[in-house]
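Hi,

Here is the structure I promised to pass on. Have a look first, and my notes follow below.

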Amino acid sequence: MNTMCKTLIILLSLLAGRAMAAPDAAAALAELTAKNMAHVSSALTDFETRLSATASTRASHILSVRNLAYTGHQVSINEVAVLQKTDGGEIVKLFEALCDYGDKAALASSQAAAAQAAAKAEIAASYTPLKISTEKLDRAAKSMASLSKEQTDAERAKFLVQFLKDTRDETKRLLEGSEKAEKKGDALLKDKAQQVSATDPGQIKK
Amino acid sequence: MHKLLRWIAVGALGSALMGCSSLHLYDSAADATATSAKADYDASKITDSIKLSRAVLDALDAKEIEAFRSVNLAERNTALLSLLSESGTSKQRTVDNGFVARFNKRVDDRLAVLIGNAKGASQTNYDLAAATARINVAAVAEKGARNALVGFDNAFALLPACNVDVGGLKDSKDLTKAAALLKKPDLKPKFETLTPIWIDRIKAVGTECTKLLEAQGALDKQKQELGGQLGIAVRNTKNQSDILAKSKKDSTEAAGRLKVATKALADAQKAAKDAKAVEDLKCDLTKPAASAANADEATDPVAKKNELCKVLAELKGLEDFGIKVVSEERLAQINAILGALSGESPPADKNKLEPGLVLLSTSARFAHAWTQYQQAGKLPALEPLLIDKELTSAQLAYARSGVQLAESRVQYAQAYEDAARLEVSLLTNAKAEIASLGTSPAPGTSCGKELTSFCASVGDLLNDKKLAKAAGNGGESANRRVYRALAYLSESYSVARDRQLEAELRLIDTEYRVALSRSEASLASWNALLSVPVDQLKIYHAGGIKPAEAASLAAQVVQALAAVGIAVRIK
């Protein structure tokens, strides 16, 4: 009986040892994944914060430019009202005709551009080869491969750690590039908005 | 003996149990947590935030264009009203107060901004138009010469677009130059007697192409001398085009070198004896590659590795263009290895996988791919290859979008330049209409009692019976000339300045698109990577040995022991 007990204890401890080894690997993987998820979560938050800041800056430029436009249009409307009340009907008619001429020229120009773009797209569509996306197939294959015993847990973990390290380095570079481009866009847009404000469309110079 | 058998059985069972890699005790709490984590991860749909961001950018872009367009129209309206309304003055009226002077001043001020010098605007516009016309004529002639050649053999349709090499065909004495350009060494007519006629036509293409290049060069020279906003726009377009052309050229050349260097390293590794082969093929692209002084030695794997690392570092320096080349090559090689792993490729093709394995080995995560293959004939495992494929595809997608944005920059810069040129053209046309009314007196000349064209308001010029119908140069009446001039001015705002604004805003927007594309690539990479352990942890915790299965296992162990007679001793 003593021997039997000893044997079972040895076997069960082996079993337990094996059973514990896997949770260690799983726990390590879970820890690593949690850390990286936290990293991605903060990157995503950072991205959204930056996007909101940019959207807010751009929206404020849009508002100031629209205000400028509103003031400019209001000045014209007021001047037209004055002209109409002071025998300037002919001038108003001429003004409207010239605006109409410009608007029609713009419409014709945009229609021509749209027609050209449509023709280009049609031609491109006729010779663009069929594009087959293998993304879903690859994902399915990846899921199946993770179930296979081709790699041990240790090998798999080693690969994942290296993948995660490489991805961290690469995404750091990408996010830095993203921020730089965004700042450049903000600066250029600010300059443009200031340049337009300087032209002062709300003044009739006689 | 029994004791020995017992220990052998214990060892065998132990080993068997250890062989079950997924064997662990089931934990319902861990299973629920992993399932919940997987559900939360799936629900987070991190790439969806990018799609939303794209929609936000589109909306902002459209609203910006709308707002700036509205300011431009407001400017047009105030400009027109300024000219149409009478100029009020308490002083003695001079020609400066007349419509003609005020119109010319407004147009000249704008032309000075556009080309730096309003006085020469008309001549500049004429010269640019004449140079453009010469290009069009030369292009038609060149096309005609090409068509004549294609009539002899369809192969001539593949002749590259007009460039210095095509221009060089004018000196052809035989078919060699044309054959080289067409990459068709056996180029010749069916009948030998036709050869001199072919050569004549080939020379004609070269001559017409040279004329076209000269015409383009003349226009470029003129454009480079322009001042003002148009000059800046011209130089910006050229700068952007040169950057794009250089990036394309450099990346195409580096792509060729990448293939050569990869194959050279694979060959050198195979040819070298074990002691000389390089075990660690990974390249550290954050540091300059070591000198490739021995690269000519075909058998020196170290030199070949340095050469390959140098090309990869060069490609990395080319940013999106280089990343596109590396990603395309890596993806093609991964697909080839995946094909071989699936057993679809015949074994004979496996030699073709060697450059791919070398390329993979240059990255830390596959650093041993080549060694494993060379020493044990083992290809990398399927799962990491598929993850790498997904990551590489994400990189390729953002690199392609970066290249596309670089092309867009050139298009928008060109659109801005064209629109600025259109404005110069419209304004000089408008000035020409007004100039047809006659030569303006010197500035400050007082207006007499009799109304003249130069002291008149626009109302007088359009409606005064005498002034309106007076025929200027070219025979057209003054009112028509004035109306047309104002219409040109209106169009210069509604069309030309509107196009400039749109091109400028789209150019700025490309910076935001670059930022989005980088963030998208970053999140797509993480998504590809994090989904793997999340899925694995869910599967892992859903499995495991449950209590009932553990009891059954214990019973099986006792049976196994009995089978080898250990139980006999107990009895």
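Ser53(B) is buried, because its relative accessibility is 2%, under the 20% cut-off. This is a predicted model, by the way, so please read everything here in that light. The serine sits in helix H3 of chain B, which covers residues 46-84. Who are its neighbours? Leaving out residues up to four places away in sequence, Ser53(B) touches Phe47(A) and Leu51(A) from chain A, plus Leu516(B) from its own chain. Leu516(B) turns up again further down, in one of the cores.

Chain A next. It has four helices and zero strands, so the order from the N terminus is simply α-α-α-α. Of its 206 residues, 31% are buried. The accessible surface is about 12600 Å², with 62% of that belonging to carbon and sulfur atoms. Among contacts with a separation of 6 or more, 74% join residues 24 or more positions apart.

Two spots in chain A caught my eye. One is Asp87(A), in the loop between helix H1 (2-85) and helix H2 (89-127). Its phi is positive, near 60°, and it is not a glycine. Most residues other than glycine have a negative phi, which is the reason I flagged this one. Is Asp87(A) buried or exposed? Exposed, because its relative accessibility is 80% and the cut-off is over 50%. The other spot is Gln194(A), in helix H4 of chain A (residues 153-199). At 46% relative accessibility it counts as partly exposed. Between Gln194(A) and Ala53(A) there are 19 Å, C-alpha to C-alpha, and 141 residues in sequence.

Now chain B, with 19 helices and, again, zero strands. Buried residues account for 47% of its 571 residues. Its accessible surface comes to about 27400 Å², and carbon and sulfur atoms hold 56% of it. For contacts with a separation of 6 or more, the share between residues 24 or more positions apart is 74%.

On to the cores. The largest nonpolar core has 73 residues, and the ones with the most contacts inside it are Phe99(B), Phe103(B), Val482(B) and Leu486(B). Helix H17 of chain B (residues 478-542) gives the most to this core, nine residues. Besides that, there is a second, separate core of 64 residues, which includes Leu386(B), Leu516(B), Ala528(B) and Leu529(B). In soluble globular proteins, nonpolar side chains tend to be buried together. If you want a place to start looking at the largest core, try Val482(B): not counting residues up to four places away in sequence, it touches Phe99(B), Ile434(B), Leu437(B), Val458(B), Leu461(B) and Leu462(B).

There is also a helix pair to look at. How do H4 (residues 99-115) and H9 (residues 228-271) of chain B pack? Their axes are 2 Å apart, at an angle of about 25°. That makes H4(B) roughly parallel to H9(B), because the angle is under the 35 degrees used as the limit. On the H4(B) side, the residues that meet H9(B) are Arg110(B), Val113(B), Leu114(B) and Ile115(B), and their partners are Gly228(B), Gln229(B), Leu230(B) and Gly231(B). By class, this contact has four nonpolar, three polar and one charged residues.

H9 comes back in the surroundings of helix H13 of chain B (residues 369-376). The buried residues of H13(B) are Ala369(B), Trp370(B), Thr371(B) and Tyr373(B), and they pack against H9 and helix H12 (354-361). After H13(B) comes Gly377(B), with a positive phi near 65°.

In the loop between H12 and H13 you will find Ala367(B). It is buried, with a relative accessible area of 7%. Apart from its neighbours within four places in sequence, Ala367(B) is in contact with Glu279(B), Leu281(B), Lys282(B) and Ser361(B). Ala367(B) and Asp280(B) are 6.4 Å apart, C-alpha to C-alpha, though their positions lie 87 residues apart in sequence.

One last item is Lys183(B), in the loop between helix H7 (176-182) and helix H8 (195-224) of chain B. It has a positive phi of about 55° although it is not a glycine. With 75% relative accessibility, Lys183(B) counts as exposed.

Cheers

Terms used: Residues numbered from 1 in each chain as written. Chains lettered and ligands numbered in written order. Predicted model: local features only at pLDDT ≥ 70, side-chain atom pairs only at ≥ 80, totals over all residues. Heavy atoms only, no water. Buried < 20%, exposed > 50% of the residue type's maximum accessible area, 1.4 Å probe, protein only. Contact = heavy atoms within 4.5 Å. Areas by Shrake-Rupley, 256 points an atom, 1.4 Å probe, with all protein chains shown as cover. Core = buried A, V, L, I, M, F, W, Y, C linked by side-chain atoms within 4.5 Å. Axes fitted to C-alpha atoms, helices over the stretch in contact; angles between N-to-C directions. Parallel < 35°, antiparallel > 145°, perpendicular 65-115°, else oblique. Nonpolar A, V, L, I, M, F, W, Y, C, P; charged D, E, K, R; others polar.
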